[in-house]
Amino acid sequence: MHIQRSMILICFNLFFLLVIVEGYAAQAESSFSGTWSANGTKEGLSFGKDREVALFKLAGLVHLQDSVGTQTDYWSECIGLGDTQNGSDIRCVWRSLDGQQVYIVLQAKQMAEGTLVTGEIVGGTGNLAGIKGTLGFQWSTLSFQGTGKLESVGGYAKGLKGTYILP
């Protein structure tokens, strides 16, 4: 009887340990790095002396050396509000070729070449549902062309790196 109880206790402990290890493995942090190029438009508005606010919309290709989920290529679409005094607040959706999405919130002091951009991965769809993480990059080769209020914008993310956890 004592041996039977011991065997039951050992089996219970092994099962409990397996559940903990499996849960920990599902929560393991993964990292990624890659490139991101985007083009779009910026519509600016003078907002007092030496201050401008602008709405912008960008779209482009994200190519990762390390996958996020199971994908390495995403099409990005971003919209944002830039303020030369308060910085930029940007929302992006990365969409994989099979339609899964990653939702990202970005912040930057300004939309200019050399600016550090930081962000948070706040969710996703499909097997990326519940994804959380962080990312960062520096704008490189950011250019603005146009006249008046509406300008074309093009840029390249230098040093794109991040980490994420899938539930």
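pLDDT is the predictor's confidence in each residue, from 0 to 100.

**Entry 1. Confidence.** I began with this scale since the model is predicted. For the protein I noted a mean pLDDT of 85, with 83% of its residues at 70 or more. I then looked up residues 6-25, where pLDDT stays under 50. Over that segment I found zero contacts beyond four places in sequence. I keep in mind that predicted coordinates should not be read in detail where pLDDT is low.

**Entry 2. Aromatic pairs.** I searched the whole structure for aromatic pairs and recorded six. One of them joins Y74 and W94: I read 5.7 Å between the ring centres and 40° between the planes, so I entered this pair as tilted. I placed Y74 in strand 3 (residues 71-83) and W94 in strand 4 (residues 87-96). The pair therefore ties together parts that are 20 residues apart in sequence.

**Entry 3. Burial of Y74 and W94.** I looked up the relative accessibility of both partners. Y74 has 1% and counts as buried because the cut-off for that class is under 20%. W94, at 0%, counts as buried as well.

**Entry 4. F137 and W139.** I next examined the aromatic pair of F137 and W139, which is edge-to-face. Its ring centres are 5.4 Å apart, and I noted 85° between the planes. I recorded both F137 and W139 as buried.

**Entry 5. Cluster.** Finally, I followed the ring pairs from residue to residue. They link F32, W36, Y74, W94, F137, W139 and Y164 into a cluster. I note that Y74 and W94 belong to this cluster, as do F137 and W139.

Key. Residues numbered from 1 in each chain as written. Predicted model: local features only at pLDDT ≥ 70, side-chain atom pairs only at ≥ 80, totals over all residues. Heavy atoms only, no water. Phe/Tyr/Trp six-rings, centres within 6.5 Å; stacked < 30°, edge-to-face > 60°. Helix = DSSP H or I, 4+ residues; strand = E, 2+ residues; numbered from the N terminus. Buried < 20%, exposed > 50% of the residue type's maximum accessible area, 1.4 Å probe, protein only. Contact = heavy atoms within 4.5 Å.
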